[in-house]
Amino acid sequence: MFANLTGAGLMFADLTDAGLRFANLTDAKLTNADLSGANLMFANLTNAGLTDANLTGTNLMFANLTNADLKGANLKGADLTNANLTGARFSKHPSDLGAR
């Protein structure tokens with residue numbers, strides 16, 4: 001069983017190194033959350049609010065970030081390999097923010 005955090009209010013939450021593989025974070029509010037080093041591989045982050053979130057070194061491989069708001073997010077070292085970024089909003093292109 002995987003975490004269902006649909007619509008969760010996790011603003012300013014410390015989720016450093018969290019194991020959230022396959023988690024459902026659809027519509028979650030993660031503004032200013034610290035997700036550095038977290039494993040979000042295959043997570044569903046559709047419509048998630050990740051404004052100003054710390055995603056340093058986060059594993060987002062195969063994550064669904066459709067329509068997610070990542071404006072101001074720190075993506076240094078984040079792995080977006082095969083992530084679905086359809087409609088996702090960034091301050092700059094992810095590679096310009098240090099993502100791979």
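## A buried aspartate and its surroundings

Asp69 is buried but has no salt bridge: the nearest side chain of opposite charge belongs to Arg89, and that is 4.1 Å away. Keep in mind that we're looking at a predicted model here. Why doesn't the pair of Asp69 and Arg89 count as a salt bridge? The cut-off asks for a side-chain nitrogen of Lys or Arg within 4 Å of a carboxyl oxygen of Asp or Glu, and the side chain of Arg89 is 4.1 Å away, so Asp69 goes without one.

So what does the side chain of Asp69 reach instead? It's the backbone nitrogen of Lys71, at 3.1 Å. Asp69 itself is found in strand 1, which covers residues 69–70. If you skip residues up to four places away in sequence, Asp69 touches Ala48, Gly49, Leu50, Thr51 and also Arg89.

### The salt bridge

How many salt bridges does a search of the whole structure find? The count is 1. The partners are Asp79 and Arg100, and their closest N and O atoms are 3.7 Å apart. This pair links distant parts of the chain: Asp79 is in the loop between strand 1 and strand 2 (89–90), while Arg100 is in the segment after strand 2, 21 residues apart. As a general idea, side chains of opposite charge can pair when their charged atoms come close.

Are the two partners buried or exposed? Asp79 counts as buried, because its relative accessibility is 11%. Arg100, on the other hand, is exposed, because its relative accessible area is 61%. Leave aside the neighbours of Asp79 within four places in sequence, and Asp79 is in contact with Thr58, Asn59, Leu60 and Met61, plus its partner Arg100.

### Phenylalanines on the surface

Now for some nonpolar side chains. Which residues form a nonpolar patch on the surface? They are Phe2, Phe22, Phe42 and Phe62, and together they have about 380 Å² of accessible area. Take Phe62 as one of this group: you'll find Phe62 in the segment before strand 1, and with a relative accessibility of 36% it counts as partly exposed.

Phe62 has another feature worth a look. Its phi is positive, at about 65 degrees, although Phe62 is not a glycine. Asn32 also isn't a glycine, and it has a positive phi of about 60 degrees. Asn32 lies in the segment before strand 1 and is partly exposed, with 31% relative accessibility.

### An exposed aspartate

Asp14 sits in the segment before strand 1. Is Asp14 buried or exposed? It's exposed, since its relative accessible area is 60%. The side chain of Asp14 joins the side chain of Thr16 through a polar contact of 2.5 Å. You can also follow Asp14 across the model to Leu75: the two are 61 residues apart along the chain, and their C-alpha atoms are separated by 16 Å.

### Accessibility side by side

Here are the residues with a relative accessibility value, so you can look them up in the structure.

| Residue | Relative accessibility | Class |
|---|---|---|
| Asp79 | 11% | buried |
| Asn32 | 31% | partly exposed |
| Phe62 | 36% | partly exposed |
| Asp14 | 60% | exposed |
| Arg100 | 61% | exposed |

To pull the two buried aspartates together: Asp69 is buried with no salt bridge, whereas Asp79 is buried and does form one, with Arg100.

Technical notes:
Residues are numbered from 1 along each chain as its sequence is written. This is a predicted model: local features need pLDDT of at least 70, side-chain atom pairs count only at pLDDT 80 or more; totals for chains, interfaces and linings use all residues. Side-chain values use heavy atoms; hydrogens and water are left out. Helices (H or I, at least four residues) and strands (E, at least two) are DSSP runs, numbered from the N terminus. Buried means under 20% relative accessible area, exposed over 50%, partly exposed in between (1.4 Å probe, protein chains only). Lys and Arg count as positive and Asp and Glu as negative; His and the chain ends are not counted. A polar contact is a pair of N or O atoms within 3.5 Å; within protein, one must be able to donate a hydrogen and the other to accept it, and residues adjacent in sequence count only if both atoms are side-chain atoms. Contact means heavy atoms within 4.5 Å. Patches are made of residues with over 30% relative accessible area and no salt bridge: like charges are joined within 9 Å, nonpolar side chains (Val, Leu, Ile, Met, Phe, Trp, Tyr) within 5 Å. Accessible areas come from the Shrake-Rupley method with a 1.4 Å probe; for residues, only the protein chains shown count as cover.
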